[in-house]
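Here's a quick tour of the pockets and cysteines in this one. Have a look at the model first, then read on.

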Amino acid sequence: MTISELPNAKNSLHRSPICVLDASSYLGFWILKGLLSRGYSVHAAVQNNGRETEIMKNIKEMGELEKRLELFVVDILDYQSILGALKGCSALFCCLDSPDGYDENMVDLEVRGVINVVEACAQTESVEKMVFSSSLAAGIWRENVCMEKDVDERSWSDAEFCRKVKLWYALAKTLSEQAAWALAMDRMVNMVSINAALILGPGVARQNPGSTMSYLNGAAQMCENGVLACVDVHFLTDVHIRAFEAQSASGRYFCFNQTVKTDEDAMKLAKQLSPLITVPARYECHAAVVYPDRLKNKKLNKLVEGAS
């Protein structure tokens with residue numbers, strides 16, 4: 001039995017709505033659809049960035065047809081607007097992302113937003129669990145990672161290293177997850193984090209270009225260090241929902257189901273992300289080059305196996 005085939009939860013969490021913030025992000029939209037398909041009622045909290053994206057159009061169309069879906073417009077810097085979206089919810093999926101990619105200013109914005117979100121969870125009595133979407137980028141960037149045997153949930157990116165080499169996406173994900181954990185522990189919020197690899201899936205190049213390219217900043221070095229990995233959005237969605245439904249889920253989970261070990265793997269990835277990434281017509285792969293495999297996800301495997 002796969003995670004998606006699990007029976008719907010039969011506890012109080014299933015009867016109360018679940019909040020997804022930001023439901024208009026690429027991952028947030030897939031989590032929204034996954035929850036609805038499992039019978040949950042959903043508060044879709046979206047940020048008002050003044051643009052009518054393809055995902056936003058889809059959410060509005062779904063809202064007109066689906067009684068279990070309610071739309072909320074929030075500002076992550078406005079604590080009260082987050083409280084409004086969370087009212088009556090038993091859980092929150094927090095999947096903040098920048099559609100325009102990441103720069104130094106976005107780092108501070110995301111950290112401040114995450115602090116507001118966790119605090120709002122702490123102040124909402126009905127919220128019993130928070131699933132926080134982070135990134136592998138929060139665990140793979142530091143000096144001499146190429147000397148390490150295993151890179152897993154115990155690993156954190158070095159913020160100063162990220163700042164020095166201007167890895168703004170990795171810095172944002174590192175600092176925001178660390179802030180989330182610090183506040184969640186202080187406010188006794190039941191939190192689980194899913195650290196996703198580069199997300200692949202239907203329409204990702206069109207619907208999630210900024211975040212995708214920001215993740216790939218430093219891709220060549222990631223390959224050489226053995227820490228470039230991808231995850232299918234369907235699998236990632238299932239993992240998020242499993243982490244929510246499983247009472248035993250705790251801490252961080254590195255989530256990937258494909259690693260880039262060869263030039264051929266890299267070319268396949270580039271083609272999946274076309275037209276964001278273009279491959280020269282006469283490019284020849286160097287099949288003899290095999291990169292090390294440092295990423296480990298044994299903890300994730302136990303979570304997935306627990307669903308079977």
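## The largest pocket

Start with the largest pocket, which holds about 690 Å³ of space. Its lining runs to 32 residues, and the ones closest to the centre are D22, S24, Q47, N49 and P99. Bear in mind while looking around that this is a predicted model.

Which elements build that lining? At least two residues each come from β2 (42–47), α3 (54–65), β3 (69–74), α5 (104–123) and α8 (204–207). Helix α3 gives the largest share, with 4 residues. As for chemistry, the lining of the largest pocket is a mix: 12 nonpolar, 10 polar and 10 charged residues.

## The second largest pocket

Next comes the second largest pocket, at about 260 Å³. Here 15 residues do the lining, and A219, A220, C223, L228 and A266 sit nearest the centre. Two or more lining residues come from each of α10 (219–225) and α12 (263–272). The largest share belongs to α12, which puts in 5 residues.

What classes of residue line the second largest pocket? There are 13 nonpolar residues and 2 charged ones, with no polar residues in the lining.

## Cysteines without partners

Now for the cysteines: the structure has 0 disulfides. Why is C89 not bonded to C19? The sulfur of C19 is the closest cysteine sulfur to that of C89, but the two are 5.0 Å apart, so they are too far from each other for a bond. The cut-off for a disulfide is 2.5 Å between the sulfur atoms.

C95 is in no disulfide either, and its nearest cysteine sulfur, in C94, is 6.7 Å away.

Are C89 and C95 buried or exposed? C89 has 0% relative accessibility, so C89 counts as buried. C95 comes in at 3%, so C95 is buried too. The limit that matters here is 20% relative accessible area, and buried means under that.

## How far to trust the model

Across the chain the pLDDT averages 90, and 91% of the residues score at least 70. The stretch to watch is residues 1–13, where the pLDDT is below 50. That stretch still has 28 contacts in the model beyond near neighbours in sequence.

Methods. Residues numbered from 1 in each chain as written. Predicted model: local features only at pLDDT ≥ 70, side-chain atom pairs only at ≥ 80, totals over all residues. Heavy atoms only, no water. 1 Å grid on protein atoms, 1.4 Å probe; cavity = no way out; pocket = protein on both sides within 12 Å on 5 of 7 lines; lining within 4 Å. Points joined across faces, edges and corners; volume = space filled by probe spheres on them. Nonpolar A, V, L, I, M, F, W, Y, C, P; charged D, E, K, R; others polar. pLDDT = per-residue confidence, 0-100. Contact = heavy atoms within 4.5 Å. Buried < 20%, exposed > 50% of the residue type's maximum accessible area, 1.4 Å probe, protein only.
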